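Please take a moment with the sequence and the model before reading on. The paragraphs below go from a single residue to a sheet and the helix that crosses it.

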Amino acid sequence: MNFHSKDWQEVVKELGSDAKKGLNEREVKRRLEKYGKNKIEMERKISPLKIFLEQFTSPLVLILIAAAIISYFAGGSENHTEVFLILFIVIANGIFGFVQDYKAERSMEALRKMMVTKARVLRDGAVREIDASELVPGDMILLEEGDKVPADARIIECKNLLVNEAVLTGESVAVEKTPEKVGEDVPLAERRNMLYANTFVERGKAKAIVIATGLNTEFGKIAREVAEAEKPPTPFEEELSSLGKKISVMVIVLIAIIFITQLIFAHLSFLETLMVAVSLAVAAIPEGLPAVVTIALALGTKKMLKHNALARRLSVVESLGSVNVICTDKTGTLTENKMTARVIYAGGELYEVTGTGYDVDGAILKDGARVSVKSVKPLKMALLCGALCNDSVVRVKEDGGVETSGDATEIALKILAMKGSVSFDYPRLDEVPFSSERKMMSTLNRVGDRVYLFVKGAPEIVVKKCNRIMKNGKVLPINDKEREEVLKKNNDMASKGLRVLALAYKEVASDNTSISEEDENELVLIGLVGIMDPPRKEVPKAVEVAKKAGIRVVMITGDNILTARAVAREVGIEGNAIECWKLDEMNDEEFRDTVLECNIFARASPSHKVKILKVLQEEGYVVGMTGDGVNDAPAVKNADVGISMGMRGTDVTKSASDMVLLDDNFATIVAAVREGRTIFTNIRKFVNYLLSANLAEVLAVFILSLKGFVALTPVQLLWINLLTDGFPALALGADPAPPDIMKRKPKKKGEGVITKPVMASILTTGVLLSIMLVILFLYGLKKSLIYAQTMIFTGFVFYEFVRIGVIRNHDRLSFMSNKWLVLALLSAVALQLLIIFTPLCSYFGAVEISMKDMLVIIIGGVVLYIANILTDRVVWKKMSSE
């Protein structure tokens, strides 16, 4: 319907709602059943059957199945058991692949569900915050700066409302909105009284009635058309895909050579040779690599979530491993975002205040000793003045916590009074509020049978209005020297990053009930209070860890340079500081040099963030950038890792980010970097594990085929693939972080999974393993071909321990540090022993191995491990230094 061309009162009536009360819960339930949830299902539903069938679409698997079926009908009854076993293992592999892929899809779906949009709605006359999916047509929604519009709506009332509709119209300039109706034929982009789902409020406030939800919104109509569109792969995914294709080509070439040599020298039929070759290809090509990587990334992002970091994209893990600069806000990220009184200067004495945030259990100290506030009149008056000349609300709850509302500075003053056990439950008779012109606030309060005027404000203003001062417990006339002394103390406190307020009072006639302009003169100066947003206690350590990890920490804040320096000093951020207005006066070269030299940027605007980010990226840095406000979104979006604030961040910035800090804490960023590095290291390990195993398989079969031997039967090849490429590879993804993970340099931008050291490790492990397997085969050949095949068959499974031990040796991890890996390896060995030492061996073309020869296999493993460690260490060290 054309709601834009109707008065809002008419729209409310048509939708059966109430502008003052909204809908009731009964009506909401009815409309939810009628219209459905306010969701746009952009992602295609997971089809388990489709995922399962996709496991058998590989050309190589299809060829193997076809060859097995032909062998069944062409061969005698003695071939039937082998054929059934091959098909069983292929299906088992398919089931395992299905479980991997299905878990990967479910993990991705779970991560998407974690990003739930909230909406403020008026229901039954009360304002509630609900999931946006619960909205229905007729709901009254309330919006303010930074909100994402949760559904299509008609504006009822608004104030200074600007909405960015770029996501819908492509117009980057925000649109000014109004409740007034417009013409019926006005195009969508010019409907000034309408709000559309997934657009963003850049400024102002609004109350609006929902007219459409879900797929019925304008955004939903577009979503229908693009729902089937494929997402482009990330560089990380492209690298893995390219790697898989290259390996597949190399393996197929080798398989073709093996096929020809075995056909000529091994005296097998064409069909038997084809089955051996195809089985080897199925076992050697790491077709499950993308699924294993996806699961590892998804599991890793869940670990990050435990550290309060929500990764919105899996690919952010790779970028986190490369971050070498973190540009962070100050307020709420480095600091607690809870103003706290730290210092009091009253009666000519300096007092220290303990406790941070809204902890009322702190104390007031003088020279390290606790002070009884009630016995020190200037101190008591300072706390009383700060608490009464105050509009905030502070209430202690039954559990000991504190419930607050109002200005953060005023809350700090009331918390200070509570620390000093000073009661402030006195009536207010009149007030003159703070304004930017006056730079002070005054209240008139009745305290017992007396009436006092209390004043707090900027020291340079309040001191001028005082003609007396509290000193040594007495009220004395103030002279110029004492004024200068107070202002000097103000400058000293401000230089330490404290926000300083002057406190003053004046006793007036007991029948006085209003404040006149004259009343605010000839005051008694009580003293000064220094307030600061203290650094989070865990941040200094996090900054130190970041430095050791080769990460530069840069503070970009809108606060003044004194406060910025003070906080930087407390948390350990070193380097030059600059006020950003100076950057505007520099040419490009000066700007670049300053950005590279400074780590503290004060009085910064969102546009400065974007410019600083651009310079850092042009210099080759990989930058993590934090942001919370609407205007921070461009910098967050363009950063290599955009980081938004979960508690105080706007929907715009969250949508633009790669990662959301659920606790707004800088230490969480460093923890996420650590987890990201660990995940990427583990991906490298199981890529190394899979490829070195596959290389050894192909080389051993290839070398022995040159002599006319069939090293492994199709059943044995497929069984090895089932045991070694599955759970052990997955378990490597759960490896703990190496002890030195945060002492390593960040990985270089664009550095892939397989570096020169990793490739060298794959080659040395693969070659040495293949040599040992060939030796085992030749040793067993003295007894028979089937015995030799059983030796190499068993040796390959047992030598999993060797491969994993060598790969994990780089990270100095103990064997027992990953219980899942130990379980996976022991399970594989147990299954192999079950086959070798039970009648099952006949189904696998194997025979029982003597205890003596089992010992030979174990000794071979020890020799292989030592040889691998020695060669790998030399090659790894040489390659890493290049």
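In this predicted model, serine 692 touches Ile762, Thr765, Gly766, Arg803 and Ile807, when residues up to four places away in sequence are left out of the count. Serine 692 itself is part of helix α22, which spans residues 666–705. Is this serine buried or exposed? Its relative accessibility is 0%, and because buried means under 20% relative accessible area, serine 692 counts as buried. Its side chain also has a polar partner, for one of its polar atoms lies 2.8 Å from the backbone oxygen of asparagine 688.

Elsewhere in the chain, eight strands form an open sheet with mixed pairing, and their order across the sheet is β8-β28-β27-β26-β9-β23-β25-β24. The edges are formed by β8, residues 309–311, and β24, residues 576–579, each of which pairs on one side only. On average, and with direction ignored, neighbouring strands of this sheet are turned by 20 degrees against each other.

In general, the strands of a sheet pair through backbone hydrogen bonds, in either a parallel or an antiparallel manner. At the β8 edge, the partner is β28, made up of residues 659–661, and the two strands pair in the antiparallel sense over three bridges. Within this pairing, leucine 310 stands opposite valine 660 of β28.

Helix α19, residues 606–618, lies across four strands, namely β9 (325–328), β23 (552–556), β25 (598–602) and β26 (623–627). With respect to β26, helix α19 runs at about 170 degrees.

Definitions and conventions. Residues are numbered from 1 along each chain as its sequence is written. This is a predicted model: local features need pLDDT of at least 70, side-chain atom pairs count only at pLDDT 80 or more; totals for chains, interfaces and linings use all residues. Side-chain values use heavy atoms; hydrogens and water are left out. Two strands pair if DSSP finds at least two bridges between them. Axes are lines fitted to C-alpha atoms, for helices over the stretch in contact, and angles run from 0 to 180 degrees between N-to-C directions. Contact means heavy atoms within 4.5 Å. Buried means under 20% relative accessible area, exposed over 50%, partly exposed in between (1.4 Å probe, protein chains only). A polar contact is a pair of N or O atoms within 3.5 Å; within protein, one must be able to donate a hydrogen and the other to accept it, and residues adjacent in sequence count only if both atoms are side-chain atoms.
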